[in-house]
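This report introduces a structure with a bound ligand, beginning with the surroundings of that ligand and ending with the chain as a whole.

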Amino acid sequence: MKSTIKRIGLITSGGDCPGLNALIRTVVQSAAQKNIDVIGLPHGIPGLIQDHPQALALDASYASAQMIQRGGSRLGGFIRKIYAPLDALTEQEIAERVVSSLKVLGIDGLIATGGDGSFAIISGILQHTDVPFVGIPKTIDNDVPGTVYALGFQSAVSNAADALMKVADTAETHQRIIVVETMGREAGFLPLHAGLAAGADAILLPEIPYDANDFITHIRTIYAAQKYAVVVVSESAKLPAGEVSSINTPDGQARFGGSGEKFAHYIHACTGINTRHCVLGHIQRGGAPNAFDSVLAASFGTQAVKSLCVHQKNVFVSWNGYSVDVKDFTSITGQIKRVLPTTLELRAANSLGIYCGTTIESTAQER
Ligand code: F6P
């Protein structure tokens, strides 16, 4: 069947991550080869509910190879000021506004990158339009189900692992324990992969319970042997008393945060060892994509355009470990992926003597 798509709308929703500009480039180039126009829709769905939504005609000359190296997104992401009116609208009203904007702009196919939050909003909109949609999972948290890796995750792991190795240098020099807090929201993929990549001494994740005495015993043992230690804690790892640490941003938004500092105080109180903490924060989200994400952006973008051309509707692209699959979008909406106790990287960390809490492996070793 011949493709009927003439004009694709492209959105990068939610929080940014490395690889978004590489993806924009791919979509534009790959559509241009098929004589399809691409309209960039700044600031995601909230941008589309404005009275006069911005629309940027993206031609092949815009999509140069230099774009690959730039972090962030040229199409912008979540901006609170633009998002605020969404709170006052019903799901139906949001959908109607978006559908009307797509019509005014002549868009007959939509591609959007997103994580769980953006995909939940988009899935509501899809019930009110026939415009076919292809989702591209992106998030440094890697918590989108149905794909082994989301775009940006591996680059964030590289950023965090690089920081952990730097922290280890100074920790060793000063004979300190340094606790490093990573992002990742309620999923522990980022701290787990970064800690494993950098050879951390302990990694605490939101999903895996731990015994506070075992954790401290491990830190003491490692410190006695090495005279320093690097401990990675997820921003949402449970504190020893069982609660999850949170902070308020200067503009009053509640966020995970503060676990690094609290664990550092706890470790110092229990061991008396000189301890510092360090919060990696948004550094994890910025910068150029690594080679893996650059290739993933090229593969996801190419497949997304192809899917629209072959009339695949309301699907998302996913990485299965070997290649890109195309799956039903409704199969993942409203869900988040978490680190399972059987996760290979968790077992690998265990076999390397990295304390990750009460895992299946550590329990088996005790038996
Ligand atoms: O979802 C991506 C993420 O970076 C999380 O890891 C983190 O908890 C959150 O966004 C931070 O949000 P903000 O950029 O609004 O501070």
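## The shell around the ligand

The residues of the shell around the ligand divide into two nonpolar, two polar and five charged, where Asp, Glu, Lys and Arg count as charged, Ala, Val, Leu, Ile, Met, Phe, Trp, Tyr, Cys and Pro as nonpolar, and the others, Gly among them, as polar. The model is predicted, with local features requiring pLDDT of at least 70 and side-chain atom pairs 80 or more, while totals for chains, interfaces and linings use all residues. Residues are numbered from 1 along each chain as its sequence is written, and side-chain values use heavy atoms, leaving out hydrogens and water.

Among the residues around the ligand, with a heavy atom within 4 Å of it, are Ile140, Met183, Glu235 and His282.

## Polar contacts

Oxygen atoms of the ligand take part in polar contacts (pairs of N or O atoms within 3.5 Å): a polar side-chain atom of Asp141 lies 2.6 Å from one, a side-chain N or O atom of Arg255 lies 2.9 Å from one, and a backbone N or O atom of Gly184 lies 3.0 Å from one.

## The whole chain

Along its principal axes, the C-alpha trace of the protein chain spans about 65 × 40 × 40 Å.

How values were computed. Polar contact = N/O pair within 3.5 Å; in protein donor to acceptor, adjacent residues only side chain to side chain.
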